[in-house]
Amino acid sequence: SLPSSACANPNGQRNDPDYLDDSVVVYASAALGVVHDLSNNTQKLFSGHKNDITCIALSNCKRYVATGSSGAKKSCIHVWESRPSNQFGYTGESPESLATFGEGFFDRAVCSVAFLEDPNYVCGIGCDDAHTLGIWDIRDPSKKHLVMQTTQNGIPPQIKCMQFAQHQEYTEYISNSQKGLCDVGCTAGEHHLRLWSFKRPVTNELGTQQVAQLSSRGAIFGTDMSKQVQAPKVYTCVDFSMCADKTSDIITGGSNGVVYLFRKGKCIAFQNAIKGGVRCLQVSGDFVGCGGKSGGIVCLNVRTLA
């Protein structure tokens, strides 16, 4: 079990290399997960995968790492501590797997992985032709997926990016059938931008467990916005920004160089940000930083994209 209290200070997570603090970066190289301390140029290696790592994600607190691998029917996801610790602090040992799941579920490889708001829940998407998505509770000894749903048909990898919001919210704008707080995610890719609402399994007062539920809907432009801007061929990156009403805006970049702002699944603003295509973006407070083919970084207002 990974305690939620360990992730009390969310800093976001990416599918790219990321910093754990000012001097330590985590990334993947071939079949190894690497935790590199730049201050003393030392590395700790996670060696649990038998095949090349294809995607990597950090929990919101950056304490836990999820890595997905390739390997026909042997592709899987490992969850491990970025810096193993005990009651006395960091042990200095190399990371070991805390949980392994997905063997037999994923076909060819895992193309994207992400932690939910609670790091005990991990989501992965496979490189099968339907890009099947599954969510697991790593505390479950059976390691059976809680939910499963296809995301997009096509030659893999159709899905380029997946992200979950750092908090739960009410998601009636995604699905009227799911009441109460849910985890909100977004997948982006080839002609693809989709919102996901995950209702965690719960046990009621009678001791009966209600199963997990997963719903989704595509993002839309609306008539007025569709006259002003077109959707890109590829949505390349995505991040969340929390609003005052406790919902999350979605900011995404496209291969056409445009950054889009979606609120409750509908595009409300856009900005021609980077000529040649947006490759990456990240929300930080009131701003979103975007990088792309031009080699520069553009900073936009997170509410208006000015």
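## A covered strand

A residue is called buried when its relative accessible area is under 20%. In this predicted model, strand 15, which spans residues 159-164, is mostly covered, as five of its six residues are buried.

Strand 15 is joined to strand 17 by five bridges, and the two strands run antiparallel. Within this pairing, Phe164 stands opposite Gly185 of strand 17.

## The surroundings of Thr171

Thr171 is found in the loop that lies between strand 16 (169-170) and strand 17 (181-189). The relative accessible area of Thr171 is 0%; the limit for a buried residue is under 20%, and Thr171 is therefore buried.

Leaving aside residues up to four places away in sequence, Thr171 touches Gln178, Cys182, Val184 and Ser197. With one of these, Ser197, the side chain of Thr171 forms a polar contact of 2.7 Å. As for Cys237, 66 residues separate this residue from Thr171 in sequence, and the distance between their C-alpha atoms is 22 Å.

## A sheet of four strands

Four strands form an open sheet in the order 22-23-24-25, and their pairing is antiparallel. The edges of the sheet are occupied by strand 22 (235-242) and strand 25 (266-272); each has a single partner strand, so one side of each is left without a neighbour in the sheet. From one strand to the next, the twist averages 20 degrees.

Inside this order, strand 23 (residues 248-254) and strand 24 (residues 258-263) run antiparallel and are joined by five bridges. Asp249 has Arg263, in strand 24, as its bridge partner.

## Two nonpolar cores

In soluble globular proteins, nonpolar side chains tend to be buried together. The largest nonpolar core in this model holds 20 residues, and those touching the most other members are Phe221, Tyr235, Ile250, Tyr260 and Phe262. At least two residues of this core come from each of strand 17, strand 18 (192-199), strand 22 and strand 24.

A second core, separate from the largest one, has 18 residues, among them Ala114, Cys123, Ile159 and Phe164. Phe164 thus appears in two descriptions: this residue belongs to the second core and stands opposite Gly185 in strand 17. Strand 17, in turn, is joined to strand 15 by five bridges and supplies at least two residues of the largest core.

Methods: Residues numbered from 1 in each chain as written. Predicted model: local features only at pLDDT ≥ 70, side-chain atom pairs only at ≥ 80, totals over all residues. Heavy atoms only, no water. Pairing = 2+ DSSP bridges. Axes fitted to C-alpha atoms, helices over the stretch in contact; angles between N-to-C directions. Buried < 20%, exposed > 50% of the residue type's maximum accessible area, 1.4 Å probe, protein only. Contact = heavy atoms within 4.5 Å. Polar contact = N/O pair within 3.5 Å; in protein donor to acceptor, adjacent residues only side chain to side chain. Core = buried A, V, L, I, M, F, W, Y, C linked by side-chain atoms within 4.5 Å.
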